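Visitor: I have a structure open in front of me and would like to learn how to read it with some care. Could we go through it together, one question at a time?

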Amino acid sequence: MFVCLCTGTTSHVVNECVANGARTSKEIAEACGAGGDCGRCRRTIRAIIAAHREAADCASDSDCPSQTLSR
């Protein structure tokens, strides 16, 4: 899925940036350009960052529903 139409950046690229340490939309813009032009995609970028953060928190939390279901 395209996240940023201005730069043609896909969700795969944004996910890679987050996996490599980007934690803000500004850091994503610096890494791949997404969100650095018109800004319409910043909400989507922040949602991707939040999903990564939630997955990381969930991986370390034994009370996470997905952890409970997988047992």
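Visitor: Is Ser-11 buried or exposed?
Guide: This is a predicted model, and every value we discuss is computed from it. The relative accessibility of Ser-11 is 19%, and a residue is called buried when its relative accessible area is under 20%. Because 19% falls under that cut-off, Ser-11 counts as buried.

Visitor: Which residues does Ser-11 touch, not counting those up to four places away in sequence?
Guide: Ser-11 belongs to helix α1, which covers residues 11-19. Once residues up to four places away in sequence are set aside, the residues that Ser-11 touches are Met-1, Val-3 and Ile-48.

Visitor: Is Thr-10 buried, partly exposed or exposed?
Guide: Thr-10 is found in strand β2, made up of residues 9-10, and apart from neighbours within four places in sequence it is in contact with Met-1, Phe-2 and Val-3. Its relative accessible area is 23%, whereas buried means under 20% and exposed means over 50%. Because 23% lies between those two cut-offs, Thr-10 is partly exposed.

Visitor: How far apart are the C-alpha atoms of Thr-10 and Ala-34?
Guide: Along the chain, Thr-10 and Ala-34 are 24 residues apart. In space, the separation between their C-alpha atoms is 8.7 Å.

Visitor: Which residues does Ser-25 touch, leaving out those up to four places away in sequence?
Guide: Ser-25 sits in helix α2, which runs over residues 25-32, and with a relative accessibility of 18% it counts as buried. When residues up to four places away in sequence are not counted, Ser-25 touches Ala-34, Arg-42, Ile-45, Arg-46 and Ile-49.

Visitor: What are the end C-alpha atoms of helix α3 expected to span, and what is their distance in the model?
Guide: Helix α3 takes in residues 42-59, which is 18 residues, and among its buried residues are Ile-45 and Ile-49. The expected span is 1.5 Å times one less than the number of residues, so helix α3 should span 26 Å. Its end C-alpha atoms agree with that expectation, being apart by 26 Å.

Visitor: In what pattern do the helices and strands follow one another along the sequence?
Guide: The chain holds four helices and two strands, and buried residues make up 25% of its 71 residues. Reading along the sequence, we meet these elements in the pattern β-β-α-α-α-α.

Technical notes. Residues numbered from 1 in each chain as written. Predicted model: local features only at pLDDT ≥ 70, side-chain atom pairs only at ≥ 80, totals over all residues. Heavy atoms only, no water. Buried < 20%, exposed > 50% of the residue type's maximum accessible area, 1.4 Å probe, protein only. Contact = heavy atoms within 4.5 Å.
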